[in-house]
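Work through these exercises with the structure open. Try each task before reading its solution.

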Amino acid sequence: MSLFKVRQWWSNEKSLSEVCDEGTQNGKCIKVDRFNSHSDSDCVIVGQGSLMKIYKPNSENDNSHSILESQLNDVVLQIETGKFVADSSDRQILILHPKSYAIYILERRTGQIDVGEQNVLSPMISHLFTRRAFSTTCGPFGYSKRDLICIQALDGTLSFFDQDTFLFMCVFNDILIPGPVHFISNSDQFIICKSTWIMEIYSYQQLGELSELSARPNRKNINIPQWIYNAGEEIISIQVIRTSSSFSSIVAVGERHLYCFQDNGLMKFMIRFDYMPICFHAYLIGWYYEPNSRLLIMVASDDLKLNIYEGTSLLWSCDLTHRPISIARCYLNALPGGIVTLSTNGIINVSFLGTEPDLNANGKPMNDFVEPDQIQDELDAVENSLQKVLDARKEFDDEDTESDQIINFKVEIGSTNDDPISNYPPNNIEILQTCSMVVILSCNNPKSIQSIQITYDCASPIGCSDTTLCFENVNGTEIIETQIYLSSDADISDCGINIVVSVVDIKGKIKIISKRVSLPLKLYCVPVENVLENNIKLNFKTNRPCLDLSEIFSDFTEEDLTRYITDKNNLTFKYRTSNNTVTVKSNDLYAIEANDFSIMCPIFEYFLNNLKKYYIRTGVTDFKINFNLDGELIKLILHTFLKSIENHAKERIKMKSLENDLNILQRQFTLVQKRLLVQYGSLPPGNCDGLEFLMNDTHERIKTVAYGIMQSKRYVFSAGNIVRRIGSIIIYILKEKLNDEFKVKLVEEMLSLNTLNNQFQEWEENVAQGLSYILNKVFKKTEKDKEKLTPVTDQDILSQTNLKKFLKQMRIVFEKLLTDCQDSNEVKSNIVRTEEFVEVI
């Protein structure tokens, strides 16, 4: 960051409209020049779209700085000034449009009686042409007494005009993309930047002869420039400035370099930038015929800095207030040597270079004398404003309490469809099961509502036929039916849907109402024959006698469950998306069994929620759940959870590696295309076989890597589902067993398990921040332990060292929490410390 900043002297920002079309301007749409009708100060001419404005900045705020605005018939591509008409003493304004150009003169007419002075833009010449224009350059071509016009078309063709008369046209076969073209009046030459990254200089006489040769049949064009220079990069802009009585200087800026030549081809100096230049302006201090005149160059960079060079020496560097697309100098009545910049949104700033650093731009001078009465009046005005805000806030709170009843909604889930329709989802996914969900919205006063938006949030493989619905005109009651479908996309991690209703009332206030709906078990599970042996068992008991399983799994009829329930205490379910099964038992205590700990989550969540709902319906208020946790089970849960996190991190590392490969291949593909463009455009064309083979091979590798990224995203999503399912069971156990609600809330917010369904969420990076806080503040580790567990800051969290520390932190936190959940007698008899089983990458 530079210590100095440009000091703003004038800006047109306040006079601009609030709506501004960015991108309608370019660096050639502004011109600073002086006219005989306004000889006391420079005028700034700017075009925005088809609107042209002329400003005459001054230091008096009372006067209008805009002296003229004119709506033209077409878009302004470039603005130039010069003496294009021989019988006029004042300079004229040339406006270049896509398929025409027009010449105007700025006249200043004195007012009569009480009418002030008027500025009139009088049209003088207008001419149409056939090829679409890209840029123009003007000057006394062929040492003419007036300025002629050269227009470069989009195909690189140069067309020459004298007033409204067409002179000749030059066609270059090696120009595919037009570049900067500039006229050197001192030597009557043109400098042309071609798409081959070569600057070529031709005399005006050569271009005239080239046009005659191209018009003759069966005549080969012999095109030998005066001198050339191979820049090896794209030239952004060129400026020619006369620096001596005998020669001019050519200043060209490329992507990373600045070049300065004499007009005879001798290079004076070259500067390599450590930044990306955007625009530049060269100017002379003193007169060109003076021996002590100095050539200075202002360069604006992409990091909002202005650098001023003399030769290869950097004289000054300061910060700009905005990103410019054009920069120039102006000589105003009250500010000689101002800096004019144009931004992409049409703001023009006239600034100057300060000689002292502005360390406190917002502070007022301490030596200003202020009346005490004035200070008291300001304080009274502030107090009145604050009181109005407080009154409005109180009124808002009163209205907000009334707006709680502005809308009510309830949700009803229909029965599952045994013969699902396959046209609900957008991507032709095979549908396993569907059911309907009806949302009923009711409001007492429909006129008080502007619009309502309903959003359905669910995790794959559960999906909705409509994700977002909007209603502008709301009746008293709205009934919205949505189809919920289950696809064979992934394992189930969340068996509920979050419904968010956003209401905008007539005053513009937004009220958000959310509700979570549990889906019927029949949508994603089906009862099957009992599985007798399972590797993992989770037991828990309640302070009430165990219920019959048919009373808990009420989504299924007794006929559905009769042939699968043995002795009314065992029931096995199979997921529709996979062949995994979960067994539920109800004897002296409840038990959930499976071969994998992660697949228990949907049945586990559904079973406990229905168990609580049953006792709420029966009026039991002291219902409690007690999980039987022993040391071996805690070790198994913790090992499974850490292993799932490690697998998720591994898949993310693979996906990042593929994304880096794709980024490298994309840059390689672009570079090969550029080289091919140069080879195609050279005369004669070069051998392109090697580059074409490399481009085709790179394209095939890009397709392979892109397919690998798509596969890797599915693997990351699947691994994230496993982490979410295991983490949900752990959080549920902590809520029931741990008495410290604050710790449980912190751990739940730290994990943020619902973000794992978002493929763009960097889960490990977010969890690491909250994990360090919990470990150091809540569990209060010693300074030695903090130092051991602190991640390496210059490495990514997925690096080998940081991932190992991350898993160790997770093990310490959850080992402590789960051990606190263990029964006291069990802890005394068997103190368990979980080993770090996970494999570190």
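**Exercise 1.** Is D373 buried or exposed?

*Solution.* Keep in mind that this is a predicted model. Start with location: D373 sits in helix α2, residues 372-402. Next, take the relative accessible area of D373, which is 59%. Exposed means over 50%. Therefore D373 is exposed, at 59%. Now look around it: D373 belongs to a negative surface patch. The other members of that patch are E371, D377, E378, D380 and E383.

**Exercise 2.** Find what helix α6 should span at 1.5 Å a residue, and check this against its end C-alpha atoms.

*Solution.* Helix α6 covers residues 601-617, which is 17 residues. The expected span is 1.5 Å times one less than the number of residues. For α6 that gives 24 Å. The end C-alpha atoms of α6 are 24 Å apart, so the two values agree.

Then turn to burial. Which residues of α6 are buried? The stretch C601, P602, I603, F604, E605, Y606, F607 and L608 is part of the list. N610, L611 and Y615 are buried as well. Finally, step just past α6: G619 has a positive phi of about 85 degrees.

**Exercise 3.** Examine the backbone at Y143, Q163 and P461.

*Solution.* First, the background. Most residues other than glycine have a negative phi, and most peptide bonds are trans.

Take Y143. Its phi is positive, about 55 degrees, and Y143 is not a glycine. Y143 lies in the loop between β10 (133-139) and β11 (148-153). With a relative accessible area of 57%, Y143 is exposed.

Take Q163. Its phi is also positive, near 55 degrees, in a residue other than glycine. The loop between β12 (158-162) and β13 (165-170) holds Q163. Q163 has 21% relative accessibility, so it counts as partly exposed.

Take P461. The peptide bond from S460 to P461 is cis, and its omega is near 15 degrees. P461 is in the loop between β31 (449-457) and β32 (462-464).

**Exercise 4.** How many residues apart in sequence are T670 and M695, and how far apart are they in space?

*Solution.* Place T670 first: it is in helix α7, residues 631-681. Count along the chain: T670 and M695 are 25 residues apart. Then go C-alpha to C-alpha: the two are 9.0 Å apart in space. Last, classify T670. Its relative accessibility is 29%, so T670 counts as partly exposed.

Technical notes
Residues are numbered from 1 along each chain as its sequence is written. This is a predicted model: local features need pLDDT of at least 70, side-chain atom pairs count only at pLDDT 80 or more; totals for chains, interfaces and linings use all residues. Side-chain values use heavy atoms; hydrogens and water are left out. Patches are made of residues with over 30% relative accessible area and no salt bridge: like charges are joined within 9 Å, nonpolar side chains (Val, Leu, Ile, Met, Phe, Trp, Tyr) within 5 Å. Accessible areas come from the Shrake-Rupley method with a 1.4 Å probe; for residues, only the protein chains shown count as cover. A salt bridge is a side-chain nitrogen of Lys or Arg within 4 Å of a carboxyl oxygen of Asp or Glu. Lys and Arg count as positive and Asp and Glu as negative; His and the chain ends are not counted. The place of a charge is taken as NZ of Lys, CZ of Arg, CG of Asp or CD of Glu. Helices (H or I, at least four residues) and strands (E, at least two) are DSSP runs, numbered from the N terminus. Buried means under 20% relative accessible area, exposed over 50%, partly exposed in between (1.4 Å probe, protein chains only).
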